[in-house]
Amino acid sequence: MPSSAEKSLSPAAQPSQESAPRLNYPPEILRLREEIFKLESPITLSVTEFNNTWKYLDNIYVRNQARYGQKKTTTYYWCRLWPTKAHEPNIPAEERKRKRLVRQPIGCPCRMRIVSDGYNMTIIRGKEGHNHEISAADYKLTTAARELAAEAVAKGSRPSLVARELKNSGIGGRITSKDAWNAGNVWLHRDKRLTWQAHTPLNSVMKAIVATRPGDPEVFQIEEYPKPPTKRGEVLIEVKAFGLSHSELLTRQGHSADVNFPHVMGREAVGIVATAPDAPFVPGARVMAIVRDLLPEYPGSYAQYIRVPETHVRQIHPSCKLSWEHLAAIPEMMQTAWNALFRALRLHPADRLLIRGGTTSIGLAATCIAKRHCSFIASTTRQDNRKELLLGLGVKQVLIDDGSLSQLIKSQGLEFTKVLDLVGVKTIADSLQCVKPYGIGSVDDFRSFPLDTLCHDVENGQLTLPNIRIYLPDQIGEAHRCMEENRAEGKLVVLW
């Protein structure tokens, strides 16, 4: 019979009608946990993958000591599992009080060391192996098991079903219904995002696109959350559209060490002001916002509503008639391109500009802007079939980039006064050799840019935006796959 605690979380649910809760654990975690447990040979994982995996093992091992060097960190762990039960109920009560005697483990000689170079974690086992089976892990609940139970219960699943599902999955070990309910109760008080089912009125619920775990483009789900509350100096925005950026692709793949999953991504948005306590914005005004330097303190823009500080919001001029998809292409793409050209490179009409990484969204935007402000533009691509795209936007010469662009430019006798490198640190040294003496190279980004002027020029046809691909929220996985396969040829935008 369900406890009163269980009834309070799902009063109308009947056990026979409820389906098993869906637990968002990595699909390969059981295999990886078994592999780390046996450790027949050293295993190397990225820092992000290690952090996401280790919480399924953290209560099985205890850190003994650590040695820190200039470049590498070595941490030693001892297994703290035992082959017998942690507690024998037949022991007399007077002896049971002496917990040190009752719970004293039979020592396991297995020791491992984990070596980190800041990017990867290599797990190496010592000379001795385990003296027990991995099934002994059932007596130690990991952090991951508690978190999975807490999230599922906080979203309304019955604790008994959650406990059963954890056991069936091989992750929950000895977790009980009481354990699951206690974890969910703590979660409800700690994380207000997940209280919408029990505490949030329907008129304050919104939808958000959530990356449930790092992985392929299919990890996204649309879930319901309460609208984020705002405080003084913040703006609540009803999101109408948002653009996608390459950094979100890397985050989804698990390359952002400071991101915890489930996670709401998003670096930019356009929409309508819902509320703005003590902020200089009128409800109903059209605005655009940047969230990129606020994560993870503020949720991302893959949601119907976002809250941001007023300093990260720009109002769109009332006379602007651009559609939401056109406006969504401006906040990061056009702003970054404009500031790179004029704030950093100080583009001049007499300049000869080289754009390296010309088929990126920012590279295409830089081409559209720069063709009206300098005498000559050359752009690079690694694919020969992208030439027509660049020439159609106004590029005078397209160069195929094989990594040694400076040699190609010297062989053709070309000269450039400015270079905009959008590829990264691997090419910046080669890019700087592409400019004549006293030329400038930079990828700096600044916040201020002439928003009204850009909108006016786009609206009047004086400035052409790169190609815009439009997706709906339930197509976010397809949009990420398009970005991952470099098929965008412009800006990807999602409309609510």
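**Aromatic rings, group meeting**

Okay, let's start with Trp-54: this residue is buried, at a relative accessible area of 11% (buried means under 20%, exposed over 50%, partly exposed in between, using a 1.4 Å probe and protein chains only). Quick note: this is a predicted model, where local features need pLDDT of at least 70, side-chain atom pairs count only at pLDDT 80 or more, and totals for chains, interfaces and linings use all residues. Residues are numbered from 1 along each chain as its sequence is written, and side-chain values use heavy atoms, with hydrogens and water left out.

So, how many aromatic pairs does the structure hold? Six. Rings of Phe, Tyr and Trp (its six-membered ring) pair if their centres lie within 6.5 Å; planes under 30 degrees apart are stacked, over 60 edge-to-face, and the rest tilted. One stacked pair is Phe-50 with Trp-54, 5.3 Å centre to centre and 15° between the planes. They sit four residues apart in helix 3 (residues 47–54), which means about one helical turn separates them. Helices here are DSSP runs (H or I, at least four residues), strands too (E, at least two), numbered from the N terminus. Phe-50 is buried as well, at 6%, and Phe-50, Trp-54 and Tyr-77 form one aromatic cluster.

Next, Phe-376 and Phe-416: the centres are 6.3 Å apart and the planes at 40°, so that pair is tilted. The pair links distant parts of the chain, strand 14 (residues 376–381) and strand 16 (residues 416–421), 40 residues apart. Phe-376 is buried at 14%, and Phe-416 is buried at 0%.
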